[in-house]
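Biologist: I should be grateful for a close look at one part of this model, followed outward to the parts around it. Please explain it in a manner suitable for a student in the first year.

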Amino acid sequence: MAQPDNKKFFENLTGAGKSIAVLTSGGDAQGMNAAVRAVVRMGIYVGAKVYFVHEGYQGMVDGGDNIKEAKWESVSSMLQVGGTVIGSARCKDFRTHEGRLKAAHNLVKRGITNLCVIGGDGSLTGANLFREEWSGLLAELVQQNLIDEEAAQKYSALHIVGMVGSIDNDFCGTDMTIGTDSALHRIIEVVDAIMTTAQSHQRTFVLEVMGRHCGYLALVSALACGADWVLIPEMPPEDGWEEKMCQKLSAKRAGMKRLNIIIVAEGAIDRNNQPITSEHVKNLVVQCLGFDTRVTILGHVQRGGTPSAFDRILASRMGVEAVLALLETTANTPACVVSLCGNQSVRLPLMECVQMTQQVQKAMDEKKFEEAVRLRGRSFENNLRTYKLLAHRKPESELPHSNYNVAVLNVGAPAAGMNAAVRSAVRVGISEGHKMFAVSDGFEGFYKGQIKEIKWADVGGWTGQGGSLLGTKRTLPAKYIEKIAEQMRKYNINALLVIGGFEAYLGIMELLAARGIYEELCVPMVMVPATVSNNVPGSDLSIGADTALNAITDTCDRIKQSASGTKHRVFIIETMGGYCGYLASVGGLAAGADAAYIYEEPFDIRDLQSNVEHLTEKMKTSIQRGLILRNENSNENYTTDFIYQLYSEEGRGVFDCRKNVLGHMQQGGAPSPFDRNFGTKIAAKAMQWITKKLNESYRQGRVFANTEDSACLLGMRRRAMVFQPVVQLKDETDFVHRIPKEQWWLKLRPLMKILAKYKTSYDVSDSGQLEHVALNRPRESEATAAI
C-alpha cells in the first residue's frame with residue numbers, strides 16, 4: 001500500500017488568477033462537447049477563469065465575441081450533443097505569421113496564457129508552433145504599441161495541453177481518440193442494418209468507411225461484424241489479391257452463406273500506392289463472380305449522432321486531466337497531450353506523438369508496410385493479427401493436428417459480446433488444430449451431457465448477436481462434480497474455456513477444489529470475464545459492461561429530454577449490478593448525473609438531505625433537470641421508492657420527481673463495437689494460452705495440469721491483459737457481496753461529483769508524470785500481444 005503522505009490531492013492545486021481558453025479545431029468528433037464541458041467545469045471549480053474560443057483558430061484570430069467567458073451553466077445539457085457546440089473551422093489565417101500575431105494579441109488582452117486545444121494532429125502542431133513563437137509575438141506586439149512591457153512580462157509564457165478529437169484514431173501515443181468509438185457505433189449500426197437486406201437478396205455489399213490515411217475504423221468494424229474482406233492503407237493486399245478475394249467470396253456462398261460484406265477504408269491502396277476504390281471492388285466482384293453487388297459510402301454519417309458512453313467518459317476524464325496538466329505546467333514543461341493507455345490517463349509530449357504519427361505516413365510512402373502497422377501501436381497491430389486469424393480459414397491440409405479437445409461454455413447471466421468471444425475462441429482453436437466442443441446451458445448442460453462438436457462455419461455471423469447463443473445458466477458445478485468429470489472423460493476434454501460472470505469465477509474455484517478427487521479436472525482452465533455488472537476480481541473490464549453502459553446512457557438521455565420545456569424535474573433511476581456500483585457510477589459520469597448511490601460508498605440520511613439541498617440550489621438557476629442514479633443493492637433501507645419519496649417531499653415547490661427502474665434492458669440488445677472487439681480479442685488470447693498450456697502439460701500420452709497457474713482468469717489490468725491464477729484472486733474477493741475488494745473505477749467518482757458542482761477530495765497521485773512515447777518492439781511471440 002502507498003503511504004498516505006505520498007498521495008497527491010488536487011485540492012492543493014489552485015487555478016486562482018489563471019485564465020484558460022478552450023477551443024475545438026479541425027474536423028468535428030462526437031465527444032468534443034463532453035471534453036469542453038469537463039475543461040470549463042474543472043477550470044471554474046479550481047478558481048480559474050475559463051473562456052470559449054468559438055470557431056477554432058479562426059475565432060482566436062478574429063477575436064471580439066468569438067472569445068467569451070464561460071459560466072458553469074454555459075455547458076449544461078451539452079454532454080449528449082454530437083459535434084462541437086463552440087464550432088470548429090479549418091483556418092488559413094492561423095497558418096500565417098500575421099494571423100498568429102492577431103491571435104496572440106486577442107489572448108493577451110484577456111490575460112489568457114493557458115490553452116486547451118481539442119483537435120487532430122494538424123491542430124495540435126499549430127498550437128505547438130504558436131507556443132514556440134509566443135515570446136517573439138509578444139515582443140512584436142510591444143514594438144507595435146499594442147501591449148505594454150508589463151503585459152509582456154506578466155504573460156510571458158503560453159502553456160498548451162492537447163486532447164485528440166478525431167474519429168480516425170490516427171494519432172500515435174493514444175489507444176483511442178475522442179470520437180472513434182462513436183464513429184464505430186455509427187458504422188456498426190449501418191452494417192447490422194445492411195446485413196438483413198443483403199441476406200434477403202443474397203447480395204454482396206461493399207462498404208466504404210472514413211479514416212483518411214488510417215485504416216483503424218475499417219479494421220475494427222471488419223473485426224466487429226465478421227466482414228469477409230477488408231482493405232486498409234497500412235497493410236495493402238498482396239499482388240493477385242483480386243483473385244484470392246473472389247475465391248473466398250465464392251467459397252462463402254458455396255458454404256450456404258447468403259451475403260458477403262467487404263469493408264474498404266477511404267484511403268485504401270495497393271502495393272504500388274495506387275488507390276483501391278469501392279467502385280473498383282464492386283466491378284471486380286460483378287465481373288469475376290456475377291454476384292448482385294451494391295456500394296454504400298457511409299460518409300459524414302460517421303461523424304454525426306450522439307457520443308457513445310465510452311467517448312463521454314474518455315472526454316470527461318481527459319478534460320479534467322488537461323486542466324490538472326495546465327495547473328502543474330511550468331515555463332520549461334513541453335506542450336503535452338493527454339491520452340489513454342489501457343484504461344489509464346497519461347500525459348505525453350505533444351511533438352513526440354506528432355512526429356511518430358508523421359512517421360507512419362512516411363513508412364507507407366516508402367512501402368514499409370510492416371513498419372507502418374508497428375508504428376500505429378499495439379492495439380492496431382493486435383486488431384490486424386486477430387482479424388487475419390479469424391477471417392481466413394486455412395485449408396485442412398495446412399492446419400496443425402493437436403489431438404486436443406477443448407470445451408467452451410457460458411456461465412451466469414447473459415452479457416452482450418459473449419457470442420463474439422465464443423466465435424473467436426472456436427475459430428482460433430480450430431486454427432491451432434484442436435477439436436472444439438460447445439457446451440449448452442453452462443455447468444448444468446455440462447453434467448447433463450449437452451456437449452457437441454462445433455465447427456468453423458457454425459459460428460458465422462455470431463459477432464453481432466446479443467445474449468448467449470450457447471445458452472447460459474447460473475448453476476454452480478459443486479453438486480454435480482462427479483457427473484461433470486464423467487462427461488469430461490466421455491468426451492476426452494483436455495481444456496476448458498469458461499466465459500461468464502461471478503458464477504463462472506466461483507465455478508472454476510469449485511472445479512479446482514475437486515482436482516484432488518477427480519483426475520479428469522486436472523486440465524488447463526481459463527476464464528474470460530463477461531458480465532454487465534463488471535464485478536469479477538482480476539479484471540478492470542468485463543465483456544458486456546460497455547453495452548449496458550450505452551443502454552443506461554441512451555435511456556438517461558431520453559428521460560432527461562422528456563422533461564424539456566416542462567417545469568423543474570428530478571429523475572431517480574435504478575441500475576443493475578448486484579452490489580457492484582460500476583454501472584451506476586460510470587453511467588452517472590456518462591449521463592451527467594448529480595449523484596449516484598452505491599454500496600461501496602456508504603451513505604446516510606444526511607447525505608441524501610445535502611443532495612436534495614444541492615439540487616434545490618441548482619434548480620434556482622437556469623438548470624431545469626436533475627438526474628440521480630441508484631445501484632439496485634446500494635442500501636437495503638434507502639430503496640429507490642424511499643429516495644423518490646424523500647426527494648418528492650423535500651423538493652416540493654421547487655421540483656417534482658419521477659422514478660425509473662431500467663431492469664433487464666441493460667442486459668439485452670446487440671453488443672456495442674467495444675464489446676464485440678474486446679470479446680473477440682480476449683477470447684483469442686485465452687485460446688492461445690490454452691494451446692501453450694496443453695503443450696506444456698502433455699505427459700506420457702495425456703494432459704495433466706495440476707499447478708496453480710493451470711487455472712487462470714484473463715483480465716485487463718490498467719494497461720495490459722494479464723493471466724492470473726484463480727487461487728491468487730481469492731484474497732482480492734468479497735465473496736459475500738460478490739465484488740472485488742478494490743475497484744479502479746471508484747477513482748472516477750470524484751469526477752462525477754466535481755462536474756456536478758460538489759466539493760470533494762480527488763486523489764491525483766496517478767496523474768502528472770510526463771511519459772515518453774513507447775515504440776512497439778518486435779516480439780518473440782505473437783501470442784504475447786496485449787489487447
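Modeller: In this predicted model, helix α10 covers residues 309-328, and its 20 residues reach 29 Å from the first C-alpha to the last. That span is close to the 28 Å expected at 1.5 Å a residue. Of the 20 residues of α10, 19 are buried, so the helix is largely enclosed by the rest of the structure.

Helix α10 also has a place in the largest nonpolar core, which has 207 residues. The largest share of this core, 13 residues, comes from α10. The residues with the most contacts inside the core are Met60, Phe130, Met163, Ile263 and Leu497. A second, separate core has 33 residues, among them Phe437, Ile493, Met525 and Ala711.

One residue that touches α10 can be followed in detail. Leu79 is placed in the loop between β3 (67-69) and α3 (97-109). Is Leu79 buried or exposed? Its relative accessible area is 4%, which is under the 20% limit, and therefore Leu79 counts as buried. Apart from neighbours within four places in sequence, Leu79 is in contact with Ala34, Arg37, Pro307, Arg312, Ser316, Leu589, Ala590, Ala591 and Gly592. By contrast with these contacts, the C-alpha atoms of Leu79 and Pro236, which stand 157 residues apart along the chain, are separated by 38 Å.

Ser77 lies in the loop between β3 and α3 as well. At 42% relative accessibility, Ser77 is partly exposed. Its backbone also deserves attention: Ser77 is not a glycine, yet its phi is positive, at about 50°. Most residues other than glycine have a negative phi. Asn403 is another residue other than glycine with a positive phi, near 65°. Asn403 is found in the loop between α13 (378-391) and β12 (405-411), and its relative accessible area of 69% makes it exposed.

The discussion may now return to the core by way of Ile263. Not counting residues up to four places away in sequence, Ile263 touches Leu207, Val209, Ala218, Ser221, Ala222, Cys225, Ala227, Trp229, Val230 and Leu231. Several of these names reappear in helix α7: Ala218, Ser221, Ala222 and Cys225 are among its buried residues. How many residues of α7, which spans residues 216-225, are buried? Ten of its ten residues are buried, and the helix is mostly covered. Those buried residues pack against α6, β6 (204-209), β7 (229-231), β8 (260-265), α13 and α22 (673-696). Just after α7, Gly226 takes a positive phi of about 65°.

Tyr216, one of the buried residues of α7, also leads to Asp168. Asp168 touches Gly211, Arg212, Cys214 and Tyr216, with residues up to four places away in sequence left out of the count. Asp168 is found in the loop between β5 (159-164) and α6 (180-201). Although Asp168 sits in a loop, it is buried, with a relative accessible area of 6%.

Two further helices show how such elements meet. The axes of α8 (residues 241-254) and α9 (residues 278-289) come within 10 Å and cross at roughly 65°, and the crossing of α8 past α9 is right-handed. From α8, the contact is made by Trp241, Glu242, Met245, Cys246, Leu249 and Ser250; from α9, it is made by His280, Val281, Leu284, Val285, Cys288 and Leu289. By character, the residues of this contact are nine nonpolar, two polar and one charged. An α-helix has 3.6 residues a turn, so residues three or four places apart point the same way.

Helix α11 (residues 350-365) may be set beside α10. Its 16 residues reach 23 Å from the first C-alpha to the last, close to the 22 Å expected at 1.5 Å a residue. In α11, the residues Leu350, Cys353, Val354, Met356, Thr357, Val360, Ala363 and Met364 are buried. What covers them includes α4 (121-143), β10 (336-341), β11 (344-349) and α12 (369-376). Just after α11, Lys367 has a positive phi of about 65°.

A strand completes the survey. Ala438 belongs to β13, residues 435-439, and it is buried, with a relative accessible area of 4%. Leaving aside neighbours within four places in sequence, Ala438 is in contact with Val408, Gln450, Ile451, Lys452, Ile454 and Leu470. The C-alpha atoms of Ala438 and Gln450, twelve residues apart along the chain, are separated by 8.4 Å.

How values were computed:
Residues numbered from 1 in each chain as written. Predicted model: local features only at pLDDT ≥ 70, side-chain atom pairs only at ≥ 80, totals over all residues. Heavy atoms only, no water. Axes fitted to C-alpha atoms, helices over the stretch in contact; angles between N-to-C directions. Helix = DSSP H or I, 4+ residues; strand = E, 2+ residues; numbered from the N terminus. Left-handed = near helix turned anticlockwise from the far one by under 90°. Contact = heavy atoms within 4.5 Å. Nonpolar A, V, L, I, M, F, W, Y, C, P; charged D, E, K, R; others polar. Expected span 1.5 Å × (residues − 1). Buried < 20%, exposed > 50% of the residue type's maximum accessible area, 1.4 Å probe, protein only. Core = buried A, V, L, I, M, F, W, Y, C linked by side-chain atoms within 4.5 Å.
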